[in-house]
Amino acid sequence: MPKPRIGFYNDGSSFLPPHRRNIRRWLISVAHRENRRITELAYIFCSAQRHREMNRQFLGHDYFTDVITFDYGSRQQATASGDIFIDVETVRDNARIYGTDPKREMLRIIVHGLLHLCGQKDKTPRTEAQMHRKEDKYLALWDSLTQSEQ
């Protein structure tokens with residue numbers, strides 16, 4: 001079985017998350033717990049303007065959002081594969097609005113994108129609540145994985 005490929009890139013932003021090796025291990029664990037196998041993920045960190053342009057071009061939405069996910073996986077083969085574009089500026093703004101740590105909010109959005117690739121929706125109040133519970137669950141997993149290294 002090929003090793004999962006998880007990359008981190010920039011598009012109009014200089015941001016890259018620290019601890020990428022740990023993030024990769026965490027994402028593989030999350031996917032496994034969601035009964036998926038990661039084949040290839042690309043996390044692309046964008047400026048707000050670039051992200052908004054993509055939102056308009058591909059989704060027909062003219063507003064800022066924190067994450068846009070393009071799913072290339074296979075439900076039949078239970079694979080998670082895709083491009084996850086993250087608006088670094090909106091994530092920072094959301095952290096300020098919600099009173100959370102910006103690094104923690106970025107981890108939430110990173111796992112949020114993967115959960116979409118694992119089939120989790122968030123368009124209704126019920127599915128949005130499910131998504132939030134899963135994000136919290138996997139942030140707790142992050143804490144346990146990274147705490148054991150200290």
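Colleague: Phe-45, buried or exposed?

Modeller: Phe-45 is buried, with a relative accessible area of 0%. Bear in mind that this is a predicted model.

Colleague: Which strand is Phe-45 in?

Modeller: Strand β2, which covers residues 37–46.

Colleague: And how far is Phe-45 from Ala-78?

Modeller: C-alpha to C-alpha, Phe-45 and Ala-78 are 26 Å apart in space, with their positions 33 residues apart in sequence.

Colleague: OK, where does Ala-78 sit?

Modeller: Ala-78 is in the loop between β3 (67–71) and β4. Ala-78 counts as partly exposed, because its relative accessibility is 23% and the buried class stops under 20%.

Colleague: What's the phi of Ala-78?

Modeller: Near 55°, so a positive value in a residue that isn't glycine. Most residues other than glycine have a negative phi. Asn-35 also has a positive phi, near 60°.

Colleague: Where is Asn-35, then?

Modeller: In the loop between α1 and β2. Asn-35 counts as exposed, at 60% relative accessibility.

Colleague: Let's switch to the core. Which residues touch the most other members of the largest nonpolar core?

Modeller: Trp-26, Leu-27, Tyr-43, Ile-86, Ile-110 and Leu-114 do, in a core of 31 residues.

Colleague: Which elements give two or more residues to this core?

Modeller: On the strand side, β1 (5–11), β2 and β4 (79–87). The helices are α1, α3 (88–98), α4 (102–117) and α5 (125–147).

Colleague: Which one gives the most?

Modeller: That's α4, with eight residues in this core.

Colleague: Salt bridges next. How many are there?

Modeller: The count comes to ten.

Colleague: What does Glu-135 pair with?

Modeller: Glu-135 meets Arg-108 in a salt bridge, 2.9 Å from N to O. Arg-108 lies in helix α4 and Glu-135 in helix α5, so this pair ties together parts that are 27 residues apart in sequence.

Colleague: Are those two buried or exposed?

Modeller: Both Arg-108 and Glu-135 are buried. For Arg-108 the relative accessibility is 15%.

Colleague: What about Asp-136, which residue does it bridge to?

Modeller: Asp-136 forms a salt bridge with Arg-108, and the closest N and O atoms are 2.8 Å apart. Here the pair ties together parts 28 residues apart in sequence, since Asp-136 lies in helix α5 and Arg-108 in helix α4. Asp-136 is partly exposed, with a relative accessible area of 36%.

Colleague: And Arg-75, what's its partner?

Modeller: Asp-71, with the closest N and O atoms 3.4 Å apart. Arg-75 is partly exposed at 40% relative accessibility, and Asp-71 is partly exposed too, at 35%.

Colleague: Which residues are linked in a network of salt bridges?

Modeller: Arg-52, Arg-56 and Asp-62 are linked that way.

Colleague: Last topic, the surface. Which residues form the positive patch?

Modeller: Lys-3, Arg-20, Arg-21 and Arg-24 form a positive surface patch.

Colleague: Where's Arg-24 in the fold?

Modeller: Arg-24 lies in helix α1, residues 20–33. Its relative accessible area is 31%, so Arg-24 is partly exposed. Patch members need over 30%, and Arg-24 meets that with its 31%.

Terms used: Residues are numbered from 1 along each chain as its sequence is written. This is a predicted model: local features need pLDDT of at least 70, side-chain atom pairs count only at pLDDT 80 or more; totals for chains, interfaces and linings use all residues. Side-chain values use heavy atoms; hydrogens and water are left out. Patches are made of residues with over 30% relative accessible area and no salt bridge: like charges are joined within 9 Å, nonpolar side chains (Val, Leu, Ile, Met, Phe, Trp, Tyr) within 5 Å. Accessible areas come from the Shrake-Rupley method with a 1.4 Å probe; for residues, only the protein chains shown count as cover. A salt bridge is a side-chain nitrogen of Lys or Arg within 4 Å of a carboxyl oxygen of Asp or Glu. Lys and Arg count as positive and Asp and Glu as negative; His and the chain ends are not counted. The place of a charge is taken as NZ of Lys, CZ of Arg, CG of Asp or CD of Glu. Helices (H or I, at least four residues) and strands (E, at least two) are DSSP runs, numbered from the N terminus. Buried means under 20% relative accessible area, exposed over 50%, partly exposed in between (1.4 Å probe, protein chains only). A nonpolar core is a set of buried Ala, Val, Leu, Ile, Met, Phe, Trp, Tyr and Cys residues joined through side-chain atoms within 4.5 Å.
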